[in-house]
Amino acid sequence: MAVSIIMKTLNEEKRIAAAIESALQALPGGTVEVIVADSGSTDRTVEIAMQYPVTVAQIVNPAKPSCGIGPQLGFQYSHHDLVCLMDGDMLLDKDFLGAAIAFLDANPRVAGVTGHVVEMNVDNLEFTRRVRRVSPENRTGSIDRMNGGGLYRRAAIAEAGYFSDRNLHGYEEFDLGVRLRSLGWELHRLDRRFVAHFGHSINAYTLLVRRWRSKYLRGVGELLRAALGRPHWNKLVHELPELRLWAGVYLWWLVMIGLLVFLPDKTIALLIDAALIILVIAAMSLKQRSLSLGVYAVVAWCFHAAALPLGFFHPRRQPDDWIESQVVSKDN
């Protein structure tokens with residue numbers, strides 16, 4: 001058994017050592033190749049990673065950090081027929097790879113298999129909301145994407161053209177999933193732990209602003225642009241419930257703007273707009289059984305909806321271009 005483990009990183013000095021150690025120990029009796037794919041860390045992430053028997057590759061100018069660039073960067077330096085993707089703030093379960101390899105051996109049309117991503121920092125509203133909702137991360141059996149990573153067949157990736165689209169600041173694994181499934185491949189989640197994820201512990205609103213600045217929230221728009229005119233366009237649009245939600249947000253905004261423009265009494269218009277905002281927040285708070293989660297969900301909707309057109313019209317490079325990078329440490 002041989003697996004290439006791609007660990008994508010950006011300023012993960014607090015977790016990278018434990019993440020690498022969990023990867024190196026994850027396949028007893030087999031061969032593990034670990035590639036730390038770094039998107040330009042400015043902390044000690046690379047320095048710490050270089051202390052281990054791993055390959056460390058880091059982007060250089062003019063490459064720019066994005067969620068899609070890390071997996072593709074690691075893939076271009078990997079060698080084995082099975083490729084496992086994880087983040088530098090995750091701990092790989094010691095028994096996952098063995099179970100995943102056995103599943104792939106028994107199911108030749110499955111391109112990738114994953115397990116549960118167990119969130120360890122649930123004091124952040126974003127991760128609390130993620131744990132509570134019926135999200136792709138919580139489904140088992142046949143799935144449409146492997147959010148959070150998992151084990152892939154190199155042969156399936158090669159047929160799909162590339163591992164991840166370097167242009168995407170988010171939704172890179174959904175993009176890979178829809179490209180694979182459009183070719184007849186399947187994805188599967190085992191009802192077992194894949195990784196423990198130590199996500200951001202900062203305030204959720206601070207994280208939301210950081211994701212706006214890093215262009216992470218533009219992921220859906222970039223995803224739509226990438227699929228435009230391609231065979232999997234209809235499948236992608238049909239399988240993205242976010243699009244219906246953002247459409248609802250745009251309609252909500254248009255109604256409030258229309259009231260301000262067309263109602264002669266601007267005071268009445270403002271009062272109605274305020275009532276609409278309160279109504280939406282109240283409905284979401286009831287659904288979440290939490291006022292703080294309800295407010296945060298509505299604010300997050302607005303950020304995501306505003307970012308979508310920015311992502312759609314953002315200039316693109318060829319997704320399978322060789323990523324400008326340097327190997328700063330190589331496992332021999």
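Student: Leaving aside neighbours within four places in sequence, which residues is His304 in contact with?

Tutor: Bear in mind that we're looking at a predicted model. Once the neighbours within four places in sequence are set aside, His304 touches Leu217 and Trp246. His304 itself sits in helix H13, residues 291–312.

Student: And is His304 buried or exposed?

Tutor: The cut-off to use is that under 20% relative accessible area means buried. His304 has 18% relative accessibility, so it counts as buried.

Student: Cys302 is in that helix contact too, I think. How does Cys302 count by accessibility?

Tutor: Between the buried limit of 20% and the exposed limit of 50%, a residue is called partly exposed. Cys302 counts as partly exposed because its relative accessibility is 23%.

Student: Let's go to the helix pairs. At what angle do H11 and H13 pack?

Tutor: About 95 degrees, and their axes are 9 Å apart. Angles from 65 to 115 degrees count as roughly perpendicular, and H11 and H13 are therefore roughly perpendicular to each other. On the H11 side the contact involves Leu243, Leu245, Trp246, Val249, Tyr250, Trp252 and Trp253. H13 brings Val298, Trp301, Cys302, His304, Ala305, Ala306, Leu308 and Pro309. Sorted by class, the contact of H11 with H13 has 14 nonpolar residues, one polar and no charged ones.

Student: How do H11 and H12 lie relative to each other?

Tutor: Start with the angle: H11 (residues 241–262) and H12 (residues 266–288) pack at about 165 degrees, and their axes are 8 Å apart. Over 145 degrees counts as roughly antiparallel, so that is the description for H11 and H12. The crossing of this pair is right-handed.

Student: Which residues of H11 and H12 meet?

Tutor: From H11 you have Trp252, Val255, Met256, Leu259, Leu260, Val261 and Phe262. They meet Lys266, Ala269, Leu270, Ile272, Asp273, Leu276, Ile277 and Val280 in H12. By class, the contact of H11 with H12 comes to 13 nonpolar, no polar and two charged residues.

Student: Back to H13. How do the axes of H9 and H13 cross?

Tutor: At roughly 35 degrees, with the axes of H9 (residues 219–227) and H13 coming within 6 Å. H9 passes H13 in a right-handed crossing. In H9, look at Val220, Gly221, Glu222, Leu224 and Arg225, which meet Leu308, Gly311 and Phe312 in H13. The class count for the contact of H9 with H13 is four nonpolar, two polar and two charged residues.

Student: Now a strand. Where is Val195, and is Val195 buried or exposed?

Tutor: Val195 belongs to strand E9, residues 186–197. Its relative accessibility is 0%, so Val195 counts as buried.

Student: Which residues is Val195 in contact with, leaving aside neighbours within four places in sequence?

Tutor: Here sequence distance and spatial distance are worth reading together. Val195 is in contact with Met90, Leu91, Leu92 and Asp93, and also with His116, Val117 and Val118. Take Asp93: along the chain it is 102 residues from Val195, yet their C-alpha atoms are separated by 5.4 Å.

Student: Last one: how many disulfides does the structure hold?

Tutor: Zero. To count, a pair of cysteine sulfur atoms has to be within 2.5 Å. For Cys84, the closest cysteine sulfur is in Cys67, 17 Å away, so the two are too far apart for a bond. Cys84 is also buried, because its relative accessible area is 0%.

Definitions and conventions:
Residues numbered from 1 in each chain as written. Predicted model: local features only at pLDDT ≥ 70, side-chain atom pairs only at ≥ 80, totals over all residues. Heavy atoms only, no water. Axes fitted to C-alpha atoms, helices over the stretch in contact; angles between N-to-C directions. Helix = DSSP H or I, 4+ residues; strand = E, 2+ residues; numbered from the N terminus. Parallel < 35°, antiparallel > 145°, perpendicular 65-115°, else oblique. Left-handed = near helix turned anticlockwise from the far one by under 90°. Contact = heavy atoms within 4.5 Å. Nonpolar A, V, L, I, M, F, W, Y, C, P; charged D, E, K, R; others polar. Buried < 20%, exposed > 50% of the residue type's maximum accessible area, 1.4 Å probe, protein only.
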